[in-house]
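Student: Pick one part of this model and take me through it closely. I'd like the surface patches and charged pairs, with the cut-offs spelled out.

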Amino acid sequence: MDLTVTIVIQGLAFFAVAWLVMRFGWPHIIGAIEERQKKIAEGLAAANKGQKDLDEAKVRAQDIIKEARDKAVQIVDQAGKRSNEIVEDAKSTASTEGQRLLGQARESIVLESTRAREGLRQEVGALAVSGAARLLGREIDAKTHADLLDKLAAEIARG
Amino acid sequence: MGMAAAEAESGGMTEYIKHHLTHLTVNEGQGFWAVHIDSVVFKLSIAALFLVVFITVSRRATSGVPGKFQAFVEMVVEFVDGLVKETFHGKSRLIAPLAITIFCMVFLENFLDMIPVDLLPLLGQKLGVAHLRIVPTADLNTTIGMALCVFLLIQYVGIKHKGIVTFFGEFVSAPFHAHGPVGKILTAAPNLLLRLIEEAVRPLSLSLRLFGNMYAGELIFILIAALTLGSSLAHVSTYLFGTAQFIAGFVWTAFHILVITLQAFIFMMLTIVYLSMAAEHH
């Protein structure tokens with residue numbers, strides 16, 4: 001086994017290969033690998049963030065739904081209360097109106113009866129006068145007997 | 001496996017083995033200036049193959065979804081990069097590319113050992129090439145060449161990371177640390193001696209380990225191939241030896257796959273470790 005200048009040639013060849021790999025090969029492929037690792041890391045982080053956002057959105061949605069439900073219940077309550085109030089209002093208005101109408105009717109009845117009584121009294125008075133005149137056979141002077149006639153009319157009216 | 005065309009030109013197993021272990025040499029008989037042209041050519045071919053594939057894939061590499069081949073290359077790259085990051089904690093643009101070059105080059109060169117041992121020499125002979133050894137790492141010149149590169153890089157990384165003063169200071173101040181001028185003078189000589197031994201042993205062990213494994217592996221393949229050397233189909237023994245040859249060849253090839261991978265890994269790993277040590281302060 002002889003050692004010759006082959007050592008130098010082989011050494012230089014090896015060195016050249018190593019230099020070419022270092023200069024033109026390695027940086028590109030390791031760069032690609034590291035870039036991909038970065039991309040994957042970013043992707044995973046984004047996925048995590050998305051998941052977290054989704055969870056948060058779910059919680060928020062639950063809150064909103066709960067709030068809406070509460071509000072709906074509240075609105076229904078209010079509506080119920082309000083309708084009760086309206087019914088009560090209507091009832092009281094109606095009863096007041098009824099009372100008023102009743103009063104009016106009573107008043108008008110009283111008025112009518114008073115008026116009727118007045119009419120009757122006059123008629124009765126006239127009848128009494130004409131009756132008396134017939135009985136007496138002469139004209140009664142209304143003026144002369146006004147006092148008597150009034151008393152009579154009042155008596156009739158009372159009766 | 002063949003029964004050795006080499007047999008025709010000479011006689012016997014010794015001649016056959018010797019023929020298989022002789023390099024195709026330019027400037028033969030000129031001592032140091034002889035060139036093992038077969039080692040050089042096969043190394044350069046492997047280098048060209050590796051460079052074309054690796055640089056093409058790297059240049060086209062996308063940080064999006066990788067293709068299958070890019071994924072394969074990335075797997076190797078990440079394996080090597082992981083090893084380097086585990087071992088070397090500083091920042092270096094040099095170590096990881098060097099490591100993957102060593103791993104791939106040594107593995108591919110070793111892998112030539114998987115080609116049937118007689119095949120290419122036989123083809124070569126038809127083309128008028130007298131000798132052909134196709135495994136560059138089974139040539140001590142190749143492994144020493146690589147180990148010397150690593151040795152020089154160790155010195156370079158040491159000087160770059162520590163500065164020239166600290167670097168050469170450590171030649172005489174470590175591994176034995178002394179306080180006071182007397183102690184420093186007393187420990188300087190042993191420190192220097194140990195350091196020189198350490199520095200010399202590293203490239204030596206790197207190159208001899210790889211060479212030894214590959215040379216031995218190749219020799220075993222040659223011996224297995226020689227089982228049916230000069231046999232004829234007319235003899236019963238040929239069939240016995242042929243069966244033995246097939247089984248032995250299969251077993252040794254399977255085992256050798258582990259060896260070539262392991263040797264590539266060891267060469268790379270030791271280089272990473274040496275360079276890391278060079279960058280650290282004692």
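Tutor: Here is a walk from the overall chain to its patches, one buried residue and the charged pairs.

This is a predicted model, so local features need pLDDT of at least 70 and side-chain atom pairs count only at pLDDT 80 or more, while totals for chains, interfaces and linings use all residues. Residues are numbered from 1 along each chain as its sequence is written, chains are lettered from A and ligands numbered from 1 in the order written, and side-chain values use heavy atoms, with hydrogens and water left out.

First, the setting. Chain B has ten helices and two strands (DSSP runs numbered from the N terminus: H or I of at least four residues for helices, E of at least two for strands). In sequence order they read α-α-β-β-α-α-α-α-α-α-α-α. The C-alpha atoms of chain B fit a box of roughly 85 × 55 × 35 Å along the principal axes. Of its 282 residues, 46% are buried (under 20% relative accessible area; exposed is over 50%, partly exposed in between, with a 1.4 Å probe and protein chains only).

Now the surface. Chain B exposes about 14,300 Å² of accessible surface, and 74% of that belongs to carbon and sulfur atoms (Shrake-Rupley, 1.4 Å probe; for residues, only the protein chains shown count as cover). Leu49(B), Val52(B), Val53(B), Phe69(B), Phe72(B) and Met75(B) make a nonpolar patch with about 590 Å² of accessible area together. A patch takes residues with over 30% relative accessible area and no salt bridge, joining like charges within 9 Å and nonpolar side chains (Val, Leu, Ile, Met, Phe, Trp, Tyr) within 5 Å. Helices α3 (37–60) and α4 (68–87) of chain B each give that patch at least two residues. Phe69(B) sits in α4 and is partly exposed at 46% relative accessible area.

There's a positive patch too, built from Arg23(A), Arg59(B), Arg93(B) and Lys160(B). Here Lys and Arg count as positive, Asp and Glu as negative, with His and the chain ends not counted; each charge is placed at NZ of Lys, CZ of Arg, CG of Asp or CD of Glu. Arg59(B) belongs to α3 of chain B.

For contrast, look inside at Val150(B), in helix α7 (residues 140–162) of chain B. Val150(B) is buried, at 1% relative accessible area. Beyond its neighbours within four places in sequence, Val150(B) is in contact with Ile102(B), Leu206(B), Phe267(B) and Thr271(B) (contact being heavy atoms within 4.5 Å).

On to the charged pairs. Side chains of opposite charge can pair when their charged atoms come close. The whole structure has 13 salt bridges over all chains, each a side-chain nitrogen of Lys or Arg within 4 Å of a carboxyl oxygen of Asp or Glu. One of them joins Glu74(B) to Arg36(A), 2.8 Å from N to O. That pair crosses between chains, from α4 of chain B to α1 (residues 6–136) of chain A, and both partners are buried. Glu170(B) and Lys162(B) also pair at 2.8 Å, N to O, and both are buried.

Glu88(A) and Lys91(A) have their closest N and O atoms 4.0 Å apart. Both lie in helix α1 of chain A, three residues apart, about one turn of the helix. Glu88(A) is partly exposed at 47%, and Lys91(A) is exposed at 53%.
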